[in-house]
Amino acid sequence: MKTQPIFRANDRAADQLRSIRLTPGFVATAEGSILVEFGHTRVLCNATVEQTVPAWLRNSGKGWVTAEYSMLPRATLTRTPRESERGKIGGRTHEIQRLIGRSLRSVMDLRALGERSIILDCDVLQADGGTRTAAITGAAAALSLALNKLVAAGTLPASPMRELVAAVSVGIVDGQVLLDLDYQEDSQAETDANVVMTASGGLVETQATAERTPYSRDELTEMLDVANAGIQQLIAAQAHILTAASAPRP
């Protein structure tokens, strides 16, 4: 790997996240709501609790957690038509919302949730790379907020969320491993990866693709190490806002 200095927006180091902000309660009507910002990427994540489950889960005693993902028409430099206007959801959207759902279910005790569903709506307000990783990070915090409300209301004895989960992108650009790629870096990457991990360090999903030059096992290990350090910072940010949200108001 190269070791010469690199030049990133805002003078970021190779292993440095973009500025991260999690704003709880952004939408007052949702059971759990988070506006998550990774630099200029902004995703609104809202959790909705429904007292029903898909037909194939009825009478199973288990609940369900799922996600829907969409990008607003002017989230990017040029307008993208709404998928509802085109009459079908695109393959990329299907892939991302299934990834978000899998990531959240990995840290849930669905039997402890009971026969109810929680839907996470992840809407990209502005895209500058890493929308799926921002969505997972924000949706996990929104899910936790919604579950804490159920506990506070006496609906659940304890939160069925075993631990927090977050995600970040990592890639190789000009021979160097970079954390949390923005759009410009992502478009130039030789290798692009998305890593989803739990607070305890368990890997939920690793998507690593060589866009041009194949990467080595050593490079993959380095990317995972860099991603792990970034994800632990994201989980600390989640925990901070969740603790603040649950603190008694004066």
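This is a short walk through one protein model, from its overall build to a few single residues.

Okay, first the small print. What we have here is a predicted model, so local features need pLDDT of at least 70 and side-chain atom pairs count only at pLDDT 80 or more, while totals for chains, interfaces and linings use all residues. Residues are numbered from 1 along each chain as its sequence is written, and side-chain values use heavy atoms, with hydrogens and water left out.

Let's start with the whole thing. The protein has six helices and nine strands; these are DSSP runs, with helices being H or I of at least four residues and strands being E of at least two, numbered from the N terminus. Its radius of gyration is 18 Å, close to the 18 Å that the globule rule gives for 250 residues, so the protein is as compact as a globular protein of that length. That radius is taken over C-alpha atoms, and the rule is 2.2 Å times the number of residues to the power 0.38. If you prefer a box, the C-alpha trace spans about 55 × 40 × 40 Å along its principal axes.

How much of the chain is buried? Buried residues make up 46% of the 250 residues. Buried here means under 20% relative accessible area, exposed means over 50%, and partly exposed is in between, with a 1.4 Å probe and protein chains only. The accessible surface comes to about 12,600 Å², and 51% of that belongs to carbon and sulfur atoms. Those areas come from the Shrake-Rupley method with a 1.4 Å probe, and for residues only the protein chains shown count as cover.

On to contacts, meaning heavy atoms within 4.5 Å. Among contacts with a separation of 6 or more, 68% are between residues 24 or more positions apart.

Now the inside. The largest nonpolar core holds 63 residues, and the ones touching the most other members are Val65, Ile100, Leu104, Ile118, Leu120, Leu143 and Leu147. Helix H4, residues 131-152, gives the largest share of this core, with 12 residues. By core I mean a set of buried Ala, Val, Leu, Ile, Met, Phe, Trp, Tyr and Cys residues joined through side-chain atoms within 4.5 Å. As background, nonpolar side chains tend to be buried together in soluble globular proteins.

Let's pick out Leu104. It sits in helix H2, residues 91-105, and counts as buried at 0% relative accessibility. What does Leu104 touch, leaving aside neighbours within four places in sequence? The list is Val65, Leu120, Ile136, Ala139, Ala140, Leu143 and Val165. Its C-alpha is also 9.5 Å from that of Thr137, which is 33 residues away along the chain.

Ile118 is another one to click on. With the same four-place neighbours left out, its contacts include Val49, Trp64, Val65, Leu113, Leu143 and Leu147.

That brings us to Leu113, in helix H3. Leu113 is buried too, at 0% relative accessibility. Beyond four places in sequence, Leu113 touches Gly63, Trp64, Val65, Met108, Ile118, Leu147, Leu156 and Pro160. Leu113 and Lys62 are 51 residues apart in sequence, yet 6.7 Å apart in space, C-alpha to C-alpha.

Just before that helix, look at Asp109, in the loop between H2 and helix H3 (110-113). Asp109 is partly exposed, at 34% relative accessible area. It touches Pro160 and Arg162, not counting residues up to four places away, and its C-alpha lies 8.6 Å from that of Gly63, 46 residues away along the chain.

For a contrast, take Asn148 in helix H4, partly exposed at 31%. Its C-alpha and that of Asp182 are 34 residues apart along the chain and separated by 33 Å.

Last stop, two asparagines with positive phi. Asn10, in the segment before strand S1 (20-24), has phi near 60° and is exposed, with a relative accessible area of 75%. Asn59 has phi near 65°, lies in the loop between strand S3 (41-50) and strand S4 (64-71), and is exposed at 76%.

That's the tour, thanks.
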